[in-house]
Amino acid sequence: MIIDVEHITWKSGQHTLMKDVSWQVRQGEHWALLGLNGSGKTTLLNIVNGYIWPSEGSVRVLGHLFGEVDLRELRKSIGWVSNSFQERLYASDRTQHIVISGKHATIGLYDKTSEEDYEQARELMRTLSCDHLWDREYRTCSQGEKQKLLIARALMANPRILILDEPCNGLDIFSRERLLESIAELVRKPDAPTLIYVTHHTEEILPVFSHVLLMRRGEAVDSGKTEDILTAGNLSGFFEAPVDVDRHGDRFYVRVAE
Ligand SMILES: Nc1ncnc2c1ncn2[C@@H]1O[C@H](COP(=O)(O)OP(=O)(O)OP(=O)(O)O)[C@@H](O)[C@H]1O
């Protein structure tokens, strides 16, 4: 089992922000986390990374029970790419150095870099179709290009789990498709990490995401195989408003029903 969250509840002050959430991610699965603003997606991921401690329930990641494991060690196996991180990077850094700094999750490069580090960075930038950005200043890259670099950076540490938190935010539809194609490419690699993809938009849930977890007001409302979860009936119940789901190819587009 990659992630095993059992009956977790988290209270902050008067508010119960996670209510009896259970979630199991198995080897070979890739998950999308879908939910409206404030539904608890980031909170759940903070729990999985050991930044928030639930009031009740248990968390196991990669077989390690929280409470018995050195979280700093465990976190080395988890890559987490989120938008809030972007601003903390040095704007004038070269792209390849940003990627290589992911090896030890540092901001900036402090360790000596080896020839293999450069090779790995180049290979990862190739996988994410951004090797043409080699030696560019980070600040000159577009939003979509920055996302790709940050994903490559997270992969530099060879994580077993890769969390992509709304990676398509702020991207135009063409940049979004290019980024999604790179993510699909990454998953097709034989030693790909388990992906957790956080989004508000069903159309970003590529066929490589085998499973979906629906979050609402701190609860895991439903979870299962993508095609079983992303139906009009199911999502209308989930959003508490009638929606239509149009399927184009293997993508799901949700519209508010007339
Ligand atoms: N430390 C905290 N103390 C109190 N409330 C919190 C805390 N962290 C999160 N919350 C609240 O918990 C709820 C869930 O927040 P969370 O960030 O997990 O949602 P989300 O699904 O990731 O939302 P978004 O899609 O907008 O990023 C929100 O109402 C938020 O204000």
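Leaving aside its neighbours within four places in sequence, which residues is Val245 in contact with? In this predicted model, the answer is Leu230, Thr231, Ala232, Leu235, Phe252, Tyr253 and Val254. You can find Val245 in strand S11, which covers residues 243-248. Counting around Val245 gives 17 other C-beta atoms within 10 Å. A residue is called buried at 20 or more such atoms and exposed at 12 or fewer, so Val245 comes out as partly exposed. Another residue to look for from here is Gly233: it is 12 residues away from Val245 in sequence, and their C-alpha atoms are 9.0 Å apart in space.

Let's move on to strand S8, residues 194-199, where the picture is one of cover: 6 of its 6 residues are buried. In a regular strand, side chains alternate between the two faces of the sheet. In S8, Thr194, Ile196 and Val198 lie on one side, while Leu195, Tyr197 and Thr199 lie on the other, and both faces are covered. S8 also has partners to follow. Strand S3 (residues 31-35) runs parallel to S8 and is joined to it by 4 bridges. Strand S7 (residues 161-165) is parallel to S8 too, with 5 bridges between them. Ile196 is a handy landmark here, since it is the bridge partner of Trp31 and also stands opposite Ile163.

Next comes helix H7, which takes in residues 173-188. Its 16 residues reach 23 Å from the first C-alpha to the last, close to the 22 Å expected at 1.5 Å a residue. Which residues of H7 are buried? They are Leu179, Leu180, Ser182, Ile183 and Leu186. Looking down the axis of H7, you would see these buried residues fall within an arc of 160°, so they line one face of the helix. An α-helix has 3.6 residues a turn, so residues three or four places apart point the same way. The buried residues of H7 pack against two other helices, H5 (115-127) and H6 (143-155). Turned away from that buried side is a face carrying the exposed residues Ile173, Phe174 and Arg188.

Our last stop is the ligand. Around the ligand you will find Ser12, Leu17, Gly35, Asn37, Gly38, Ser39, Gly40, Lys41, Thr42 and Thr43. By class, this shell has 8 polar residues, 1 nonpolar and 1 charged. Which helix gives the largest share of the shell? That is H1, residues 41-48, with 3 residues.

Terms used
Residues numbered from 1 in each chain as written. Predicted model: local features only at pLDDT ≥ 70, side-chain atom pairs only at ≥ 80, totals over all residues. Near = placed C-beta within 6 Å. Nonpolar A, V, L, I, M, F, W, Y, C, P; charged D, E, K, R; others polar. Expected span 1.5 Å × (residues − 1). Arc of directions from axis to C-beta. Contact = placed C-beta atoms within 7 Å. Pairing = 2+ DSSP bridges.
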